[in-house]
Amino acid sequence: MHVFRTTLRLAGAAVGLALVANACSYYEDSTEVVTPAVPGADASVRGTIIYRERIALTPDAVVTVQLRDTTYADAAAVLIAEQIIASPGQVPIDFELRYPSDEIDDRNTYSVSAVITESDGRMAFTNDTAYDVITRGNPRRVDMTLVMVEPPPELVPDGWSRTDPDRVETPVNVTDVHMIWEGASGYLRIVFATSSEDGCYRIGREEATRDGGRYDVMVTAWVPAPTGWEQDCSDRDLELDAIVHLGDAFVPGEILDVVVNGERTVTFTAP
């Protein structure tokens, strides 16, 4: 049973997004921004575009950013403004959508979307989260995180499907184990280290099974699948803990042998 969880930043931890490994070339000189003229454009929405996979964009990639009226779910979203960025370099990619403010209805909802198309015509990245802007208390600046639609074919020589799993369950990296006693009840506190990178950790199983005087405890996490473009989650700069309930009727002096994730064994004595 999962009881509670605390989050601690390790001292001196450098927290940030590791976006594209070994993709330092920015192609600044070759970036070409095409913004169709919008009569009366006197306002703008700005922001940045990133993605988490370690895949470099080619020099001929194209980013298309659009501002649309998304008020009505059962109707086509009206295009308000568009920006096309050819040869954008590597993420983060800046954008600015200029639009006429007199076309904005304060009662409506407006959203920004982005698509990165590669030189082979493949839709590489797009957003799967709505980024609402301008009205209803929403900002005029958004930092968008895109998701991968299809990886470069050279990274998947055996073929790739959109149904391929993007996460796998794996045991956490345990750094410490403690018992917490509340009367005759016992709780195991498991401290573990993981990456602070956004998307590197999702809670998995936190469970205990008993066989006589032995307790097998499993604490897992859902992490990015091991692919050639996976997000780099190797830095363990974030400390978390999991609390696993072992039982409610321990006898004073009772000895508990606890095995965590099949590899770390500790022994406790009930008070």
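1. Helices and strands are counted here as DSSP runs, a helix needing at least four residues and a strand at least two, with numbering from the N terminus. On that basis the secondary structure of this protein, which is a predicted model, comes to zero helices and 18 strands.

2. On the chain as a whole, buried residues make up 42% of the 271 residues, and the protein exposes about 14,400 Å², of which carbon and sulfur atoms supply 49%. If one takes the contacts between residues at least 6 apart in sequence, 70% of them join residues at least 24 apart.

3. The loop between β5 (78-86) and β6 (93-99) deserves a careful look, and Pro92 is found in it. The peptide bond that joins Val91 and Pro92 is cis, with omega about 0°. Ser87 also has its place in the loop between β5 and β6, and its phi is near 50°, a positive value in a residue other than glycine. Is Ser87 buried or exposed? Ser87 counts as buried because its relative accessible area is 14%, and the cut-off for buried is under 20%.

4. A second positive phi in a residue other than glycine belongs to Asn261, where the angle is near 55°. Asn261 lies in the loop between β17 (255-260) and β18 (264-269). With a relative accessible area of 10%, Asn261 is buried, so a reader who wishes to inspect this residue will be looking at a loop position that nonetheless falls under the 20% limit for buried residues.

5. Thr220 has its place in strand β15, which covers residues 214-224. Thr220 is buried, because its relative accessible area is 2%, and that value is under the 20% that the term requires.

6. Which backbone atom does the side chain of Thr220 reach? The side chain of Thr220 reaches the backbone nitrogen of Arg205, at 2.7 Å. Arg205 also appears among the residues in contact with Thr220 once neighbours within four places in sequence are left aside, and Ile203 and Gly204 are in that list as well. The other residues listed are Glu169, Thr170, Pro171 and Val172.

7. For a colleague checking the model by eye, three places can be revisited in turn: the cis peptide bond between Val91 and Pro92, the positive phi values of Ser87 and Asn261, and the side chain of Thr220 with the backbone nitrogen of Arg205.

Terms used:
Residues are numbered from 1 along each chain as its sequence is written. This is a predicted model: local features need pLDDT of at least 70, side-chain atom pairs count only at pLDDT 80 or more; totals for chains, interfaces and linings use all residues. Side-chain values use heavy atoms; hydrogens and water are left out. Buried means under 20% relative accessible area, exposed over 50%, partly exposed in between (1.4 Å probe, protein chains only). Contact means heavy atoms within 4.5 Å. Accessible areas come from the Shrake-Rupley method with a 1.4 Å probe; for residues, only the protein chains shown count as cover. A polar contact is a pair of N or O atoms within 3.5 Å; within protein, one must be able to donate a hydrogen and the other to accept it, and residues adjacent in sequence count only if both atoms are side-chain atoms.
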